[in-house]
Amino acid sequence: MIQLIVSDLDGTLLNEKKQMTPRTADAIRQIQQRGIRFLLNTEREYFDAKTILDPMGIQCDMICSGGAYIVDQEGQTCHASYISRDKIEPMLRLFGKYCAFYEIYSTKGRCILGVQEAYEAYLTGEVFPSMLEEDKNFSMTEEVFDQILAGTKFYDNIHLLLDENPEIVKITSRSNDTWKLEQLRNEIQQMIPELAVSEDTPYGIEVTAIEAQKGVALMEYVKREKLSLRDTLVIGDGLNDYSMLALPYVRSIAMGNSSWKIKEICEFQTKTNEEDGAAFVFEKLI
């Protein structure tokens, strides 16, 4: 009997417009009303994911930032895997070597070393074009752009940031220069093997603690909550979901829009995110 459902967000619960349909939200609420626990396991940060769930009336525990930390539905962090302080400066020097602008995500939020004008140039010149390269339907409104800037803290250097004693969750960079990112990815893996470097997209790089993986965090959650992987259903679509979909004993379901590598390891396959594939699965369980 399924006691826990674990779901990715983007590409799974959200359609190509990054929206959750009323059908999907209703299916999740019904699942919870039946006493089945629902856990979100997402690459997004907690408050980012919360802005999607709250309007749909969904409250649940979350694994955020690709497995970096677990947050309960009251917003309390239960477990975290942060980047070791002694690894931060050597890693940032590698970003500098390849002239890769980066975003630092910490317990203080999104942080930039530099001025706002440089960050704006990075967003418009590298981030948004790379996202458009991945998704031809990508668009950015002025309101959302302003929200990104308003939610960002700026520091002159890394020491000023670390003096405030935040924990570093992840460091990311995006660009259309895929060769640059690939070289950076390879060098970080070689020089600092204690860190995990994402390979989900050639247009982006994400560095976390080696323990900060969706599968590792899910195992920690199941252990803490005294649940069983045998009674767990996991659904996702991207390569960053591999570690949780490949766990032993779980019922694994690939979205119809998944990559072939994900479909290959999953026990079942559902419809695409444009066809409410996740809702289809939840309704079958109900």
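# Helix packing, cores and sheet

User: In which sense, left-handed or right-handed, does α1 pass α11?

Analyst: In this predicted model, local features need pLDDT of at least 70 and side-chain atom pairs count only at pLDDT 80 or more, whereas totals for chains, interfaces and linings use all residues. Residues are numbered from 1 along each chain as its sequence is written, and side-chain values use heavy atoms, with hydrogens and water left out. A crossing is left-handed if the near helix is turned anticlockwise from the far one by less than a right angle, and right-handed if clockwise. The crossing in which α1 passes α11 is left-handed.

User: At what angle do the axes of helix α1 and helix α11 cross?

Analyst: Helices (H or I, at least four residues) and strands (E, at least two) are DSSP runs, numbered from the N terminus. Axes are lines fitted to C-alpha atoms, for helices over the stretch in contact, and angles run from 0 to 180 degrees between N-to-C directions. The axes of α1 (residues 22-33) and α11 (residues 277-285) come within 9 Å, and their crossing angle is roughly 30°.

User: How do the residues of the contact of α1 with α11 divide by character?

Analyst: With contact meaning heavy atoms within 4.5 Å, α1 contributes Arg23, Thr24, Ala27, Ile28 and Ile31, while α11 contributes Ala279, Phe280, Phe282, Glu283 and Leu285. Ala, Val, Leu, Ile, Met, Phe, Trp, Tyr, Cys and Pro count as nonpolar, Asp, Glu, Lys and Arg as charged, and the others, Gly among them, as polar. The division is 7 nonpolar, 1 polar and 2 charged.

User: Which elements give two or more residues to the largest nonpolar core?

Analyst: A nonpolar core is a set of buried Ala, Val, Leu, Ile, Met, Phe, Trp, Tyr and Cys residues joined through side-chain atoms within 4.5 Å; buried means under 20% relative accessible area, exposed over 50%, and partly exposed in between (1.4 Å probe, protein chains only). The largest has 35 residues, and Leu13, Met20 and Phe282 have the most contacts inside it. Its contributing elements are α1, β2 (37-41), α2 (46-53), β3 (61-64), β4 (69-71), β12 (232-236) and α11.

User: Why do β8 and β10 each have one side without a neighbour in the sheet?

Analyst: Two strands pair if DSSP finds at least two bridges between them. The open sheet of 6 strands has mixed pairing and the order β8-β7-β6-β9-β11-β10. One side of β8 (152-155) and of β10 (195-197) lacks a neighbour because both stand at the edges, each with a single partner strand.

User: What angle does the direction of helix α3 make with that of β9?

Analyst: Strand β9 (residues 168-174) runs antiparallel to β6 (residues 103-106), to which 4 bridges join it. Within this pair, Tyr105 has Lys170 of β9 as its bridge partner. Helix α3 (residues 85-97) packs on the sheet, touching β7 (109-113), β9, β10 and β11, and its angle to β9 is about 5°.

User: Is Asp276 buried or exposed?

Analyst: Asp276 is found in the loop between β14 (268-269) and α11. Although not a glycine, Asp276 has a positive phi of about 55°. Its relative accessible area is 14%, so Asp276 is buried.

User: How is Lys18 classed by its relative accessibility?

Analyst: Lys18 lies in the loop between β1 (4-7) and α1. Lys18, not a glycine, has a positive phi of about 65°. Because its relative accessibility is 47%, Lys18 counts as partly exposed.
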